[in-house]
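Colleague: I am new to reading structures, and I would like to know where the labels come from. Could we go through one together?

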Amino acid sequence: GVAVVRWDAPPNPSGEGTVVRYKLTVIQHKEGSPYDTDPITTEYTTTPSLTLTHLSPGASYVLHITYLNTRNIWSPTTLPAVIYHTLASPPTRLLPTDIETDYADPTTISLHWKPAQCNGSPLTAYHVKFTSAFEDVISPCFSGVLHV
């Protein structure tokens with residue numbers, strides 16, 4: 001996964017010098033373990049933004065930002081540590097399975113299926129399309145989105 005992290009530059013109090021470099025420390029948070037574990041990466045930038053790559057899907061990260069000023073002193077920003085959650089993986093199987101139909105009467109059909117595998121991502125809708133086949137001609141009868 002990829003995340004773009006942006007933050008406000010710290011104020012420049014007199015005597016501290018201006019910011020010349022930021023350090024972003026990224027720690028992967030695992031359930032039941034403290035936040036102060038070994039960082040998985042430390043990135044440096046001269047602007048208050050950074051693109052993080054190679055993040056694991058469905059994981060949580062703790063981000064700490066410090067900065068180096070013109071007096072060559074590393075200082076923590078006034079920003080609290082940020083917890084960032086990546087999304088789960090995209091679905092591996094986009095189509096439902098085990099589709100069954102029930103004909104209730106000549107004008108009503110009920111559909112039943114097992115949902116697509118979403119790898120932890122929320123399933124929000126299915127696009128359902130019915131067609132009628134008559135004398136080798138297919139004509140659309142219904143098309144719509146069913147929201148979950």
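Colleague: Why does Thr25 count as buried?

Modeller: Its relative accessibility is 15%. Buried means under 20% relative accessible area, exposed means over 50%, and partly exposed is in between (1.4 Å probe, protein chains only). Since 15% is under 20%, Thr25 is called buried. A word on the basis: this is a predicted model, where local features need pLDDT of at least 70, side-chain atom pairs count only at pLDDT 80 or more, and totals for chains, interfaces and linings use all residues. Residues are numbered from 1 along each chain as its sequence is written, and side-chain values use heavy atoms, with hydrogens and water left out.

Colleague: Which residues is Thr25 in contact with, leaving aside its neighbours within four places in sequence?

Modeller: They are Pro39, Thr41, Thr42, Val62, Leu63 and His64. Contact means heavy atoms within 4.5 Å. Thr25 itself has its place in strand β2.

Colleague: What makes a stretch a strand?

Modeller: Helices (H or I, at least four residues) and strands (E, at least two) are DSSP runs, numbered from the N terminus. By that rule the protein chain has eleven strands and zero helices.

Colleague: And how much of the protein chain counts as buried?

Modeller: Of its 148 residues, 20% do.

Colleague: Why is the pair of Trp7 and Tyr22 called edge-to-face?

Modeller: A pair of aromatic rings is described by the distance of the centres and the angle of the planes. Rings of Phe, Tyr and Trp (its six-membered ring) pair if their centres lie within 6.5 Å; planes under 30 degrees apart count as stacked, over 60 as edge-to-face and the rest as tilted. The structure holds two aromatic pairs. In the one formed by Trp7 and Tyr22, the centres are 5.3 Å apart and the planes make an angle of 75°. The distance is within 6.5 Å and the angle is over 60, so the pair is edge-to-face.

Colleague: Where in the chain do these two partners lie?

Modeller: Trp7 is in the loop between β1 (3-6) and β2 (19-29), while Tyr22 is in strand β2, 15 residues apart. Trp7 is buried because its relative accessible area is 8%, and Tyr22 is buried too, at 3%.

Colleague: How do you know that the charged end of Arg21 sits over the ring of Tyr44?

Modeller: A charge sits over a ring if NZ of Lys or CZ of Arg is within 6 Å of the ring centre and within 35 degrees of the ring normal. The charged end of Arg21 is 4.3 Å from the centre of the Tyr44 ring, which satisfies the distance part of that rule. Lys23 lies over the face of Trp74 in a similar way, at 5.4 Å from the ring centre.

Colleague: What makes β1 and β4 paired strands?

Modeller: Two strands pair if DSSP finds at least two bridges between them. Four bridges join β1 to β4, so they pair, and they run antiparallel. Val5 stands opposite Leu50 in β4. Along β1, Ala3 and Val5 point to one face and are buried, while Val4 and Arg6 point to the other and are not. Strand β4 (residues 49-52) alternates as well: Leu50 and Leu52 are on a buried face, with Ser49 and Thr51 pointing to the other.

Colleague: What makes a group of residues a nonpolar core?

Modeller: Such a core is a set of buried Ala, Val, Leu, Ile, Met, Phe, Trp, Tyr and Cys residues joined through side-chain atoms within 4.5 Å. The largest one here has 14 residues, and those with the most contacts inside it are Trp7, Leu24, Val26, Leu52, Tyr61 and Leu63. Its largest share, four residues, comes from β5.

Colleague: Why are His54 and Asn72 called exposed?

Modeller: His54 has a relative accessible area of 76% and Asn72 has 60%, so each is over the 50% limit. His54 lies in the loop between β4 and β5, and Asn72 in the loop between β5 and β6 (74-76).

Colleague: Why is Trp113 called partly exposed?

Modeller: Its relative accessible area is 27%, so Trp113 falls between the limits of 20% and 50%. Trp113 lies in strand β9 (residues 108-114).
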